[in-house]
Amino acid sequence: MISKNKYDYIICGAGASGLLLSYSIINDDFFNDKKILIIEKDKKIQNDKTFGFWESKESLLDELVFKEWEYAEFKDSKFHNSFLLKPFKYKMIKSSKFYSHIGEKISKASNFTYLNSNIKSIDQENKLVKTDNGEFQSSIIFSSIYDDQKVKFKKYPLLKQHFIGWTIETKNESFDDNKITFMDFSVDQKNEIRFMYILPFSKNKALVEYTLFSKSIISDNEYENEIQNYLKEKNITDYTILDKEKGLIPMTCYPFFQKNTDNYFKIGTAGGWTKPSTGYTVKNSIDKIDLIINYLKKGKPLSKINFKNRFWYYDLIFLDVLIDSKGEGSKVFSDLFKNNDPIKIFKFLDEKTSLGEELSIFLSVNIITFVKSLMKRISNLSI
Ligand SMILES: Cc1cc2nc3c(=O)[nH]c(=O)nc-3n(C[C@H](O)[C@H](O)[C@H](O)COP(=O)(O)OP(=O)(O)OC[C@H]3O[C@@H](n4cnc5c(N)ncnc54)[C@H](O)[C@@H]3O)c2cc1C
């Protein structure tokens with residue numbers, strides 16, 4: 001019999017990865033007799049994130065999808081490609097719906113306890129989570145608590161993906177609501193990597209997001225001026241801003257997962273689940289959670305899950321190339337979308353391509369730059 005403060009699993013943080021893990025556990029009868037505690041410091045009610053991701057199959061999250069698209073476009077100042085995403089669909093979920101829906105499932109699940117409290121520390125040796133409301137013990141602790149101040153990135157490349165997005169409503173019909181703008185690099189690159197990302201919810205309503213991949217962030221004014229100018233260039237001047245979102249996502253190959261043990265396992269951004277080359281995390285989390293569930297059900301030790309596959313190395317070199325790109329970073333993305341079937345690129349980002357497909361992708365970009373970055377890594381013995 002497990003005592004009051006003892007659990008089979010404790011999930012630290014009820015953000016994207018903590019809730020996705022909880023949702024998968026709730027939906028699998030295998031875990032019915034497991035006692036689970038999820039701890040979160042904030043009241044998760046706000047619509048603070050617009051989660052976008054692509055999927056080729058139906059998933060648990062489909063009932064939460066606000067809108068999905070079958071077409072996408074990629075642009076730069078000289079090139080424009082609109083394409084059918086099939087077999088993928090690009091799906092969008094509002095975080096407020098995500099938090100409330102899964103939160104409700106947790107509150108109804110008899111094997112789950114939700115604790116609204118601040119986690120002060122995690123004592124791995126004694127498998128203890130210390131909170132403002134007491135201490136809790138567990139055989140396995142999953143943690144999504146991310147503190148970049150504590151990470152020594154050193155030899156691992158780090159770029160910041162940062163953005164401000166406006167959800168606007170226009171007076172006139174201004175958007176093609178069948179098609180997302182995945183990346184529009186036609187904006188001034190200002191010696192960095194800058195693009196617009198657009199999710200049109202209807203012909204009059206869209207999320208328009210100004211995004212940078214860079215070492216340092218910019219002022220809120222600068223993002224917002226760029227959005228305003230971009231809309232003006234498209235003759236969109238009569239609109240109301242309904243909502244704003246602001247974000248900062250680390251793009252790094254730092255091996256957060258190397259400190260995972262059988263009893264302490266990092267999840268989400270804290271576990272290195274943010275795709276280093278894109279910042280996308282949701283899809284990666286879904287895939288990684290499938291793996292965790294599989295390991296738990298088979299009684300396999302979690303420490304044996306290996307996240308350092310060949311795609312990790314590709315991302316490492318890709319990030320190095322972007323960091324050294326001196327304003328030419330957008331060209332790498334343009335080459336990828338110009339010289340390949342875009343579906344192959346989405347498959348590649350999903351880490352589902354074959355070696356042959358990967359080779360053809362590498363040959364479609366300026367391979368010399370990539371080889372130089374690889375050589376630099378090898379000569380520094382830092383791969
Ligand atoms: C604005 C924004 C938009 C994004 N859009 C996308 C997107 O479209 N597609 C995509 O794939 N990714 C997106 N991301 C990236 C990524 O999916 C999100 O950051 C996602 O929330 C990461 O999930 P996580 O579980 O790692 O972290 P979080 O969702 O941040 O969850 C961590 C949780 O831990 C809690 N916590 C932290 N410290 C403590 C403590 N001491 N005690 C108790 N609780 C604590 C936090 O309050 C938080 O709820 C976006 C990120 C941002 C910021």
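Lys 190 counts as partly exposed in this predicted model, because 13 C-beta neighbours lie inside 10 Å, a count that falls between the limits of 12 or fewer for exposed residues and 20 or more for buried ones. The residue is found in the loop between β13 (179–184) and β14 (193–200), and its backbone has a positive phi of about 45° although Lys 190 is not a glycine. Lys 326 likewise has a positive phi of about 45° and is not a glycine. That residue lies in the loop between α5 and α6 (329–339), and Lys 326 is exposed, with 8 other C-beta atoms within 10 Å. A further backbone feature concerns the peptide bond from Lys 86 to Pro 87, which is cis, with omega near 10°; Pro 87 is found in the loop between β6 (80–84) and β7 (89–94).

**Surroundings of individual residues**

The table sets out the neighbour counts of five residues.

| Residue | C-beta neighbours inside 10 Å | Class |
|---|---|---|
| Ser 17 | 29 | buried |
| Ala 270 | 22 | buried |
| Lys 190 | 13 | partly exposed |
| Asn 225 | 12 | exposed |
| Lys 326 | 8 | exposed |

Ser 17 has its place in helix α1 (residues 16–26), and it counts as buried because its 29 C-beta neighbours inside 10 Å satisfy the limit of 20 or more. When residues up to four places away in sequence are not counted, Ser 17 touches Ser 144, Ile 267, Gly 268, Trp 273 and Ser 285. Ser 17 and Ser 143 are 126 residues apart in sequence, while their C-alpha atoms are 9.2 Å apart in space.

Ala 270 lies in the loop between β17 (264–266) and α4 (282–298), and despite this loop position it counts as buried, with 22 C-beta neighbours inside 10 Å. Leaving aside neighbours within four places in sequence, Ala 270 is in contact with Ser 143, Ser 144, Ile 145, Tyr 146 and Phe 256. Ser 144 is thus named among the contacts of Ser 17 and also among those of Ala 270. The C-alpha atoms of Ala 270 and Pro 255, which are 15 residues apart along the chain, are separated by 9.9 Å.

Asn 225 has its place in helix α3 (residues 220–233) and counts as exposed, because its 12 C-beta neighbours inside 10 Å meet the limit of 12 or fewer. The C-alpha atoms of Asn 225 and Glu 55 are separated by 33 Å, with these positions 170 residues apart along the chain.

**Domains and the ligand shell**

The protein chain is divided into domain 1 (6–47 + 95–151 + 253–304), domain 2 (158–251) and domain 3 (310–379). The centres of domain 2 and domain 3, taken over C-alpha atoms, are separated by 25 Å, and nine residues of domain 2 are in contact with nine residues of domain 3. On the side of domain 2 that touches domain 3, the residues are by class six nonpolar, two polar and one charged.

The ligand is surrounded by 28 residues, of which the closest are Gly 13, Gly 15, Gly 247, Gly 268 and Thr 281. The elements that give two or more residues to this shell are α1, β2 (36–40), β3 (50–55) and β16 (239–252), and β3 gives the most, with four residues. By class, the residues of the shell divide into eleven nonpolar, twelve polar and five charged. Because domain 1 and domain 2 both give residues to the shell, the ligand lies between these two domains. Gly 268, one of the closest residues to the ligand, is also one of the residues that Ser 17 touches.

**A helix pair**

Two packed helices are described by the angle between their axes and the distance between the axes. The axes of helix α5 (residues 310–323) and helix α9 (residues 367–379) come within 9 Å and cross at roughly 110°. Since angles of 65 to 115 degrees count as roughly perpendicular, α5 is roughly perpendicular to α9. The contact is made by Ile 317, Asp 320 and Val 321 of α5, together with Thr 369, Phe 370, Ser 373, Leu 374 and Arg 377 of α9. The residues of this contact divide into four nonpolar, two polar and two charged.

Note on methods:
Residues numbered from 1 in each chain as written. Predicted model: local features only at pLDDT ≥ 70, side-chain atom pairs only at ≥ 80, totals over all residues. Contact = placed C-beta atoms within 7 Å. Axes fitted to C-alpha atoms, helices over the stretch in contact; angles between N-to-C directions. Parallel < 35°, antiparallel > 145°, perpendicular 65-115°, else oblique. Nonpolar A, V, L, I, M, F, W, Y, C, P; charged D, E, K, R; others polar. Near = placed C-beta within 6 Å. Domains from an automatic or database assignment.
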